[in-house]
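The exercises below are to be worked through with the sequence and the 3D structure at hand. Each task is followed by a solution in steps.

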Amino acid sequence: VAGRCLGRQPMWKGVMRGRIVKGIAGFYYVCCGDRIYECKAKGVFRKDNRKPLVGDWVEMDVLDQAEGLGNISALLPRASQLIRPAVANVDQALVIFAIAKPQPNFNLLDRFLVMMGQQGIPSIVCFNKLDIDEGARAGEYRGIYEACGYRTLAVSAREGFGIEELKGLLAGHATAVAGPSGVGKSSIINCLQSDIVMETGEISLKIERGKHTTRHSELIAIGEDSYILDTPGFSSLGLFDLEKERLADFYPEFAAFEKDCRFGGCAHMGERDCGVKTAVEDGAVSRLRYENYRQLYEELGRMRKF
Ligand code: GDP
Ligand code: ZN
């Protein structure tokens with residue numbers, strides 16, 4: 001499993017290479033070969049002018065093989081970097097909400113999608129707790145986001161429903177997994193990890209997960225060349241570094257109707273003859289999404305510009 005976790009040779013031109021799977025209080029846990037080393041990163045920031053992130057590929061020196069201690073000597077180039085959550089080398093995001101208990105917070109979901117859109121990372125929207133979907137809401141919720149171009153799915157971690165489909169979407173990717181607490185994120189991650197642990201009886205890579213809410217990002221191998229980055233739960237998300245005029249760029253479903261706006265640069269905030277507003281009235285654009293757009297737009301307008 002550990003070898004697969006690496007996906008490349010631990011030794012390369014005489015240098016040990018590994019991948020940061022977790023970072024806590026100045027220590028980085030680097031998976032290298034078949035084990036995990038506890039490392040400092042002395043000199044790296046000065047040399048590479050970057051702070052190591054979970055997901056980074058690194059070069060390391062082993063300081064104490066028996067104790068599993070090392071020092072990160074260099075960071076390898078990043079394929080991608082997310083600012084929020086702060087992780088490296090991720091190529092997609094999975095955002096999890098529950099269909100019920102707790103009710104989904106669509107405003108929070110939309111913030112997350114805007115944030116990922118801004119960072120150029122495609123998102124998958126996953127609704128959990130399908131087993132308690134008494135009002136048959138899953139179809140409605142998925143429909144809203146499918147219409148915006150997102151891949152969606154409904155699962156039940158409790159019953160194991162939809163987990164195979166989810167695994168299919170994650171295969172071959174490094175996926176940042178996020179969601180507010182209580183939605184079943186840990187339960188889903190446990191389902192995703194179960195094969196690996198059962199297949200091999202190997203648990204060394206399954207670093208003890210805290211009983212409490214995850215407070216640190218953590219890289220977890222879930223199959224060959226498939227990883228998830230478990231990121232801390234969020235309950236609120238402020239938008240950042242976004243001009244309000246650009247917000248609509250991250251509402252992909254608006255694009256088809258913007259040509260019907262009378263004014264170029266229409267903000268869809270109540271201007272006359274607005275194609276987007278008309279589409280909302282006609283039911284072609286989700287009102288829920290539009291209302292969240294208005295709220296975020298106003299929030300961005302109130303933010304102090306530095
Ligand atoms: P997290 O805070 O998002 O990591 O959520 P947990 O995995 O700790 O789950 C929160 C609560 O939801 C727990 O009581 C779980 O048993 C429950 N839960 C998780 N998945 C499901 C599910 O698919 N269906 C139902 N009914 N409950 C679930
Ligand atoms: Zn408009």
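**Exercise 1.** Does D273 count as buried, exposed or partly exposed, going by its relative accessibility?

Solution. The model is a predicted one. Start with the place of D273, which is the loop between α7 (255–258) and α8 (275–281). Next, take the cut-offs: buried means under 20% relative accessible area, exposed means over 50%, and partly exposed is in between. The relative accessibility of D273 is 43%, so D273 counts as partly exposed. The backbone of D273 can be added: phi is near 50 degrees, a positive value in a residue other than glycine.

**Exercise 2.** Describe K101 and the peptide bond that follows K101.

Solution. Locate K101 in the loop between β9 and α3. P102 lies in the loop between β9 (92–98) and α3 (106–118). The peptide bond from K101 to P102 is cis, and its omega is near 0 degrees. Phi of K101 is positive, near 50 degrees, in a residue that is not glycine. Last, the relative accessible area of K101 is 66%, so K101 is exposed.

**Exercise 3.** Which atoms coordinate the zinc ion (ligand 2), and why is their arrangement tetrahedral?

Solution. List the donors: SG of C261, SG of C266, ND1 of H268 and SG of C274, at 2.1 to 2.4 Å. Along the chain, these donors follow the spacing C-x4-C-x1-H-x5-C. Then check the angles. Four donors count as tetrahedral if all angles lie between 85 and 135 degrees. Around the zinc ion (ligand 2), the 4 donor atoms subtend angles of 104 to 116 degrees, and therefore the arrangement is tetrahedral. Two of the residues can also be classed by accessibility: C261 has 10% relative accessibility and so counts as buried, and H268, at 1%, counts as buried.

**Exercise 4.** What surrounds ligand 1, and which of its atoms have polar partners in D131, V183 and G184?

Solution. Begin with the shell. There are 15 residues around ligand 1, and D131, G182, K185, S186 and S187 come nearest. By class, the shell has 7 polar, 4 nonpolar and 4 charged residues. Helix α6 (residues 185–200) gives the largest share, 3 residues.

Now take the contacts one by one.

- A nitrogen atom of ligand 1 is 2.7 Å from a side-chain N or O atom of D131.
- An oxygen atom of ligand 1 lies 3.3 Å from a backbone N or O atom of V183.
- A polar backbone atom of G184 is 2.9 Å from an oxygen atom of ligand 1.

Finally, consider the cover: on its own, ligand 1 has 580 Å² of accessible area, and the protein covers 71% of this.

Note on methods. Residues numbered from 1 in each chain as written. Chains lettered and ligands numbered in written order. Predicted model: local features only at pLDDT ≥ 70, side-chain atom pairs only at ≥ 80, totals over all residues. Heavy atoms only, no water. Near = heavy atom within 4 Å. Polar contact = N/O pair within 3.5 Å; in protein donor to acceptor, adjacent residues only side chain to side chain. Areas by Shrake-Rupley, 256 points an atom, 1.4 Å probe, with all protein chains shown as cover. Helix = DSSP H or I, 4+ residues; strand = E, 2+ residues; numbered from the N terminus. Nonpolar A, V, L, I, M, F, W, Y, C, P; charged D, E, K, R; others polar. Donors = N, O, S within 2.8 Å, 3.2 Å for Na, K, Ca; no water. Tetrahedral: all angles 85-135°; square planar, octahedral: opposite > 155°, others 65-115°. Buried < 20%, exposed > 50% of the residue type's maximum accessible area, 1.4 Å probe, protein only.
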